[in-house]
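Here is a short, friendly walk through a few local features of this protein. Have the 3D view open as you read.

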Amino acid sequence: MLAVSLTVPLLGAMMLLESPIDPQPLSFKEPPLLLGVLHPNTKLRQAERLFENQLIGPESIAHIGDVMFTGTADGRVVKLENGEIETIARFGSGPCKTRDDEPVCGRPLGIRAGPNGTLFVADAYKGLFEVNPWKREVKLLLSSETPIEGKKMSFMNDLTVTQDGRKIYFTDSSSKWQRRDYLLLVMEGTDDGRLLEYDTVTREVKVLLDQLRFPNGVQLSPAEDFVLVAETTMARIRRVYVSGLMKGGADLFVENMPGFPDNIRPSSFGGYWVGMSTIRPNPGFSMLDFLSERPWIKRMIFKLFSQETVMKFVPRYSLVLELSDSGAFRRSLHDPDGLVAAYVSEVHEHDGHLYVGSFRSPFLCRLSLQAV
């Protein structure tokens, strides 16, 4: 009787609690079997950690020559050279200690080297920037406060730049959710993300594709005729044609991926590297697939638990996937349980090595391609 008398009021209280998300049911195909080139291995564990406990969340990586640059969770763009870390830009202001500080502090995400020795950076809260790392000069190209076709940009994410530096293709992951609430964006399945184009000469902005569920990493093709965009929530990569006979068209480049894709970067084999921090195990149990068709469970979870608490229950499994130029799975590098490389966001290839970025780990990783 005591159990019943306690349970009924508890259930009543839970019903009255507001859920921060209003998810709709999503449908997925059965995940691909982890066989053949997808067969689990421990190749990512051969990576070495760099700058451990000296930086947090090196989400994206770029090189100018042999000098490496990344953005960190405390709002900095840093230069990594000869074992030293040097701050070259900051788009916001401190303090930058918690996720609630992010909107003021800023959070640099996608970073690319331009043709003139400068960096192009997408800050989740502040906008698109061009940074001269040698002179410490920062130029705001597009503020995130600028509404595009009547919608605000709440979560600017990744970018890719044409070889001449004129056009920047970038993702705004949501007009509703900010980066600090990315888990709510994934769990709600919000379809308000967009792929956009910014012209650095005319300063015009165009929406190339909308109604995307968490558009994330982007990558121009070598011929610059299409842009790939990872649609994280849907475990797929879309292709949008930006020049040639197919210009304006879009199709699926890869669907039903073995994990949830983050950034996309070029491979020296002519294909693409894709980083993933969470997989859809088959055989096995995919929690996100299971929850996708059960929105009522999602609502209940976020009535009771914070995002940080929920993250503790998401199985860690780092996966790096190399795709061919046609989107076929070419090879995979795994770190089951994320023991060495955790929370993988990006794989950047440079001079025979893979540099593995992370959206929350206090280090980045380097892996020799000869070793794998």
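## A word on strands

Two strands are said to pair if DSSP finds at least two bridges between them. The model you are looking at is predicted, so please keep that in mind throughout.

## The β10–β11 hairpin

Strand β10 covers residues 156-161 and is mostly covered, with 6 of its 6 residues buried. Its partner is β11 (residues 167-172); the two run antiparallel and are joined by 4 bridges. If you would like one pair to look for, L159 stands opposite F170 in β11. Between the strands of this hairpin there are 5 residues, and G165 takes a positive phi near 80 degrees.

## An open sheet of four strands

Another spot to visit is an open sheet of 4 strands in the order β1-β24-β23-β22, paired in antiparallel fashion. The edges are formed by β1 (48-50) and β22 (344-350), each of which pairs on one side only. On average, neighbouring strands here are turned by 30 degrees against each other, direction ignored.

Inside this sheet, β23 (residues 353-358) and β24 (residues 364-368) run antiparallel and are held by 4 bridges. V356 has C365 in β24 as its bridge partner.

## Salt bridges

How many salt bridges does a search of the whole structure find? There are 26. One of them joins E197 and K167, with the closest N and O atoms 3.7 Å apart. E197 lies in strand β12 (residues 193-199) and K167 in strand β11, so the pair ties together parts that are 30 residues apart in sequence. E197 counts as buried at 7% relative accessibility, whereas K167 is partly exposed at 24%.

E322 and R330 also meet through their side chains, at 3.0 Å from N to O. Here E322 is buried, at 0% relative accessibility, while R330 is partly exposed at 37%. Elsewhere, K79, E81, E86 and R136 are joined into one network by salt bridges that share partners. A further salt bridge links D100 and R99 at 3.6 Å, and R99 is partly exposed with a relative accessible area of 29%.

## R107, a buried charge

R107 sits in the loop between α2 (102-105) and β6 (108-113). What is the nearest side chain of opposite charge to R107? That is E59, 4.5 Å away; R107 is buried yet has no salt bridge. The cut-off for a salt bridge is 4 Å.

A polar atom of the R107 side chain does lie 3.5 Å from the backbone oxygen of T72. Beyond its neighbours within four places in sequence, R107 is in contact with residues including G57, E102, D123, Y125, R179 and F359.

Key. Residues are numbered from 1 along each chain as its sequence is written. This is a predicted model: local features need pLDDT of at least 70, side-chain atom pairs count only at pLDDT 80 or more; totals for chains, interfaces and linings use all residues. Side-chain values use heavy atoms; hydrogens and water are left out. Axes are lines fitted to C-alpha atoms, for helices over the stretch in contact, and angles run from 0 to 180 degrees between N-to-C directions. Buried means under 20% relative accessible area, exposed over 50%, partly exposed in between (1.4 Å probe, protein chains only). Lys and Arg count as positive and Asp and Glu as negative; His and the chain ends are not counted. A polar contact is a pair of N or O atoms within 3.5 Å; within protein, one must be able to donate a hydrogen and the other to accept it, and residues adjacent in sequence count only if both atoms are side-chain atoms. Contact means heavy atoms within 4.5 Å.
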